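Here are my notes for someone opening this entry for the first time. They go pocket by pocket, then to the ligand, the strands and the enclosed space.

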Amino acid sequence: MAIKAIKGMNDILPGDIETWQFLEQKVREVFGTYGFNEIRTPVVEKTELFCRSIGETTDIVEKEMYTFNDKSENSLTLRPEGTAPAMRAFIQHKLHNLDPVNKLYYMGPMFRYERPQKGRYRQFHQIGAEVIGVENPMIDAQVLAMLHHYFCAIGIDAVELQVNSLGCPDCRPNYRKFLVEFLESRLETLCGDCQRRYQTNPLRVLDCKVPGCKAATLKAPAVLDHLCGACEEHFTAVKSHLDTLEIPYVLNARMVRGLDYYVRTTFELVTDQLGSQSAVAAGGRYDGLVESLDGPALPGIGFAIGIERLVLMKGGEKVQASRPDIFFAAMGEAAAEKSFILMSQLQRAGIHAEMDYHGRSLKSQMRRANKLAARYTLILGDQELESGEAELKNMDQSSQEKVQLNDLAALIARLTAQAVLT
Ligand code: ATP
Ligand code: MG
């Protein structure tokens, strides 16, 4: 039997790739205007990096990681997310010495062993952005403004920005006490995982997707009501900056996020168009993370967007593949040879040129030109070779004009003028 791809890991084929390229190109355009630079890290890291940063008792580390030993018995993990690797690279290369403020973005595959379904895969792709070195709440608002800008640029507006504050190591212990007390009073209704982790990591219970846990925690105390003075002030400033920039948002005091490193501002972009896979993007502040990975004590904030979910939201909206500027239809071997040479010369000049390689009838060659949506066709036969002249047919306007086969410059000028116009 022919070999198939691994369950939950998808091929991205021509026809769909144009949407991906469009989404990626907009990242470079939009993120570039906000001063972000791309970073690329390996897809495999030491397992310890993720255990220490994401947190031992999170779903990702407990259940979802692709972890294996290499031939030297090192425990390695396919990255389940991009922030920890980016911080590892930031620390390793001392990027803070080059610039006190670092704005980084990345795009690439992530791996989580989850149950595959629509919008949830085992290899999926994220677009992520991180800012390291700024505590000012203006940067929280800037990052959210950039996210909002990006969604406008790609034409997706059916999303709601939800924001929350998770407090900091100063206010969290106090809140935690209230939460653990609350959970204790409802222990029997919680799932096995939550009964086990409610004391070590009570915030995880609020993020649990099991319906019983969701119902039991409906009235749980919210971190938002237990912020310390500094966190309260920070969050008030973030909201006020968002208002100034006219970025629409709603408060969601129940949002806790699935990774332990988040503090203060957290956010999600949610949609009702993808069933239970409602989060399209998510992120927040991670002020202690760099230091906890043995780097300098610098604050950070970032987000990750799930590309597959964007593609699903773009739905049937196909982004047009590149149209050939010219298609050569050749009758006979000599004409095919001349077409081949002309096509190659045009391609070198940056013009998208195509021909038929099968020596078929003129009718089927024209059918192919139409299928490829070529802007022009040039029909070459013995007569054209002899006169050195041929008809250049404009396929959009059904008009024709004569061109000299040896005046390549004129032909290029003709084709480029048209390409710019359309
Ligand atoms: P979810 O609640 O859907 O499991 P998450 O909180 O685990 O999402 P994050 O770790 O915050 O997600 O990742 C950021 C984004 O990456 C998500 O908002 C989503 O769009 C996307 N994403 C996460 N896991 C997957 C997956 N298995 N398949 C496809 N996209 C994913
Ligand atoms: Mg998840």
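1. Start with the second largest pocket. Its lining divides by class into 13 nonpolar, four polar and six charged residues. Bear in mind throughout that this is a predicted model.

2. How many residues line the second largest pocket, and which lie nearest its centre? The lining has 23 residues. Nearest the centre are Arg172, Asp260, Tyr261, Tyr262 and Val263. Four helices each give two or more residues to this lining: H2 (47-54), H7 (172-184), H9 (202-207) and H12 (289-292). The largest share is that of H7, with four residues. The space in this second largest pocket comes to about 380 Å³.

3. Now turn to ligand 1. It is surrounded by 16 residues. The closest are Arg112, Glu114, Arg120, Tyr121 and Arg257. By class, this shell has seven nonpolar, three polar and six charged residues.

4. Look next at the polar contacts of ligand 1. The side chain of arginine 120 has an N or O atom 2.9 Å from an oxygen atom of the ligand. For arginine 309, a side-chain N or O atom is 3.0 Å from an oxygen atom of ligand 1. Lysine 209 places a polar side-chain atom 3.2 Å from a ligand oxygen atom.

5. How much of ligand 1 does the protein bury? Taken alone, the ligand exposes 580 Å². The protein buries 91% of that area. Three strands give two or more residues each to the shell: E6 (123-132), E10 (279-285) and E11 (300-306). E10 gives the most, with four residues.

6. The strands E2, E3 and E4 deserve a look together. Strand E3 (residues 66-69) runs antiparallel to strand E4 (residues 75-78), and four bridges join the two. Tyrosine 66 faces leucine 78 of E4. Asparagine 69 has serine 75 in E4 as its bridge partner. E3 and E4 form a hairpin with five residues between the strands. In that hairpin, glutamate 73 takes a positive phi near 65°.

7. What else pairs with E4? Strand E2 (residues 44-46) does, in the antiparallel sense, over three bridges. Here glutamate 45 stands opposite threonine 77 of E4. To trace this on screen, begin at E4: E3 is joined to it by four bridges, and E2 pairs with it over three.

8. Last comes the enclosed space. Rolling a probe the size of a water molecule over the atoms reveals where empty space is left. How many cavities of 30 Å³ or more does the structure hold? It holds one. The largest cavity has a volume of about 40 Å³.

9. Which residues line that cavity? They are Tyr34, Phe36, Lys103, Val131, Ile139, Gln142 and Val143. By class, five are nonpolar, one is polar and one is charged. Helix H6 (residues 137-153) supplies the largest share of the lining, three residues.

10. A short viewing order may help. Find Arg172 and Asp260 for the second largest pocket, as both are among the residues nearest its centre. Move to Arg120 and Arg257, which are among the residues closest to ligand 1. Then follow E3 into E4 through their hairpin. Finish at Tyr34 and Phe36, two of the residues that line the largest cavity.

Terms used: Residues numbered from 1 in each chain as written. Chains lettered and ligands numbered in written order. Predicted model: local features only at pLDDT ≥ 70, side-chain atom pairs only at ≥ 80, totals over all residues. Heavy atoms only, no water. 1 Å grid on protein atoms, 1.4 Å probe; cavity = no way out; pocket = protein on both sides within 12 Å on 5 of 7 lines; lining within 4 Å. Points joined across faces, edges and corners; volume = space filled by probe spheres on them. Nonpolar A, V, L, I, M, F, W, Y, C, P; charged D, E, K, R; others polar. Near = heavy atom within 4 Å. Polar contact = N/O pair within 3.5 Å; in protein donor to acceptor, adjacent residues only side chain to side chain. Areas by Shrake-Rupley, 256 points an atom, 1.4 Å probe, with all protein chains shown as cover. Pairing = 2+ DSSP bridges.
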